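Here's a walk through one chain, residue by residue and helix by helix. Keep the viewer open while you read.

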Amino acid sequence: MRVHDDELHIDERLVGRLLEAQFPEWADLPLVRAGDGTVNVIYRLGDGLSVRLPRRNGPLDEDDPERRVLSLLAPQLPIEIPRPLARGRPGAGYPWFWSVHTWLDGELPTGDLALDELVGLVAALQRIDPGEGPEPAYRRGKPLAFRDQAVRDALERVDAPGALERWQRAVEAPEWEGELVWIHADLDRRNVLVRDGRLAGVLDWEGAGIGDPAVDLMVAWKLLSPVDRERFRERLAVDDATWLRAEGWVLSQALIALGYYTAESNPPIHTEATRWLAEVLAS
C-alpha cells in the first residue's frame, strides 16, 4: 500500500538483503509483511521477531532513543511492549537506520476496550518518573496552538460542520501547568493488541515522551464507548481544561488525517479518523 507520494518502496527482497548482510543469523527465517503504518513498514521475522523500516524521512543517526524509552518503560507498565534487539544500518540501497524488535502476539481490537484496562495503562504511564524523558515526536508534546494552522488548512478540504468552533474552544483552553507526564502519544486501534478480548500489548513507542497528559486522554474517544468515556474522565480526575485539550487533540488528528489521506491511499487511518471526528462532534 502506497501511503505517501515521496515514500521509499520497501519489499521482501530489500529486507532480505539487509538481513543477510547485517544479521545473517536471522536471514533464513520466514519474512512476512505484517503492517503498513503511516511512517514505517513492519515485517514479521520468524515467530518471535519484527523488523521495522521507515518508509520516508528515516533516521540518519545510529543513536536509537526509542531503545532507551522501551527499556525504561517495560518493567513499569501493566501490558507488554516490544523489546529492542538490534539496530540495522543503511545498506543495499536503503538509506536509513532501522530496527529489529520482539514480536508481540495478539490482534488489533475491533470494538471498544475495557475501561479498567485503559485507565490502568494511562495511570501507569503518568506515574512513571518523567526525569529526563524526551519530548514526544511530531510536536505531540507541544501546546495545541502549534497545530492551529494545520487544522485550519485541513478544514479547507474536510467537510466538518461545527469542527472549527470546537477547535477554537480547545485551543483557547488553559495550557497544562502541572508536571509533564509520560505519554505514548498515539494510542489507537492500530497500536494496541488484545488477546482473548483483553488489552495485552501496545506497539509503536517511537513518538513517546513527556508532555501534556491531555495527549493520551485521546484514547477516551478512540477506544472507549461514550458511557465509559465519562467514567474514564472521572477515574483519572481530569479537569475541564485538560479534557477540552484532549478533545482538541482528537479533533486535530482526525481533521489533519482526513485532509491528507484518502480512503484509497490509507483505508485504515481514513476509516479511524472518520470515526474519531464523528465521536467528537457527537459528544
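S225 counts as buried, at 19% relative accessibility, a value that falls on that side because buried means under 20%. Bear in mind that you're looking at a predicted model. To find S225, go to the loop between α6 (219–222) and α7 (226–235). From there, try jumping to R152: the two are 73 residues apart in sequence, and their C-alpha atoms sit 28 Å apart in space.

R152 belongs to α4, where it takes part in a helix–helix contact, so let's stay with α4 for a while. How do α4 and helix α5 (residues 163–172) cross? Their axes come within 11 Å, at an angle of roughly 175°. Since anything over 145 degrees counts as roughly antiparallel, that's the label for α4 and α5. On the α4 side, the residues that meet α5 are D148, V151, R152 and L155. Facing them from α5 are A163, L164, W167, Q168 and V171. Sorted by character, the residues of this contact come out as six nonpolar, one polar and two charged.

Helix α4 (residues 148–155) has another partner in helix α8 (residues 240–260), and here the axes come within 8 Å and cross at roughly 50°. That angle makes α4 and α8 oblique to each other, and the crossing is left-handed. A150, V151, A154 and L155 supply the α4 half of the contact, while S252, L255 and I256 supply the α8 half. This time the tally is six nonpolar, one polar and no charged residues. Notice that V151 and L155 turn up in the contact with α8 and also in the contact with α5.

While you're on α8, move along to G259, which is found in that helix. Is G259 buried or exposed? With 17% relative accessibility, G259 counts as buried. Setting aside its neighbours within four places in sequence, G259 is in contact with R157 and V158. For a sense of distance, pick D47 as a reference point: G259 and D47 are 212 residues apart in sequence, and 37 Å separate their C-alpha atoms.

Next, head over to strand β7, home of R195. R195 is partly exposed, with a relative accessible area of 32%. Which residues does R195 touch, once those up to four places away in sequence are left out? The list is E80, D105, G106, E107 and A200. K142 is another matter as far as distance goes: R195 and K142 are 53 residues apart along the sequence and 34 Å apart, C-alpha to C-alpha.

One step on from the end of β7, backbone angles get interesting. D196, in the loop between β7 and β8 (198–202), has a phi near 55°, which is positive in a residue other than glycine. D196 also counts as exposed, at 82% relative accessibility. A185 gives you another case: its phi is positive too, about 85°, although A185 is not a glycine. Look for A185 in the loop between β6 (181–183) and β7 (192–195). Here the surroundings are another story, with A185 buried at a relative accessible area of 0%.

One more residue is worth a stop. R127 is placed in helix α3 (residues 115–127) and is exposed, with a relative accessible area of 65%. Try measuring across to Q76, which lies 51 residues away from R127 along the chain. The C-alpha atoms of R127 and Q76 are separated by 9.0 Å.

Now zoom out to the whole chain. It has nine helices and nine strands. Its radius of gyration is 19 Å, close to the 19 Å from the globule rule for 283 residues, so the chain is as compact as a globular protein of that length. Along the principal axes, the C-alpha trace spans about 55 × 40 × 35 Å. Buried residues, such as the S225 we began with, make up 51% of the 283 residues. And how are the contacts spread along the sequence? Of those between residues at least 6 apart, 70% join residues at least 24 apart.

How values were computed:
Residues numbered from 1 in each chain as written. Predicted model: local features only at pLDDT ≥ 70, side-chain atom pairs only at ≥ 80, totals over all residues. Heavy atoms only, no water. Axes fitted to C-alpha atoms, helices over the stretch in contact; angles between N-to-C directions. Helix = DSSP H or I, 4+ residues; strand = E, 2+ residues; numbered from the N terminus. Parallel < 35°, antiparallel > 145°, perpendicular 65-115°, else oblique. Left-handed = near helix turned anticlockwise from the far one by under 90°. Contact = heavy atoms within 4.5 Å. Nonpolar A, V, L, I, M, F, W, Y, C, P; charged D, E, K, R; others polar. Rg over C-alpha atoms; globule rule 2.2 N^0.38 Å. Buried < 20%, exposed > 50% of the residue type's maximum accessible area, 1.4 Å probe, protein only.
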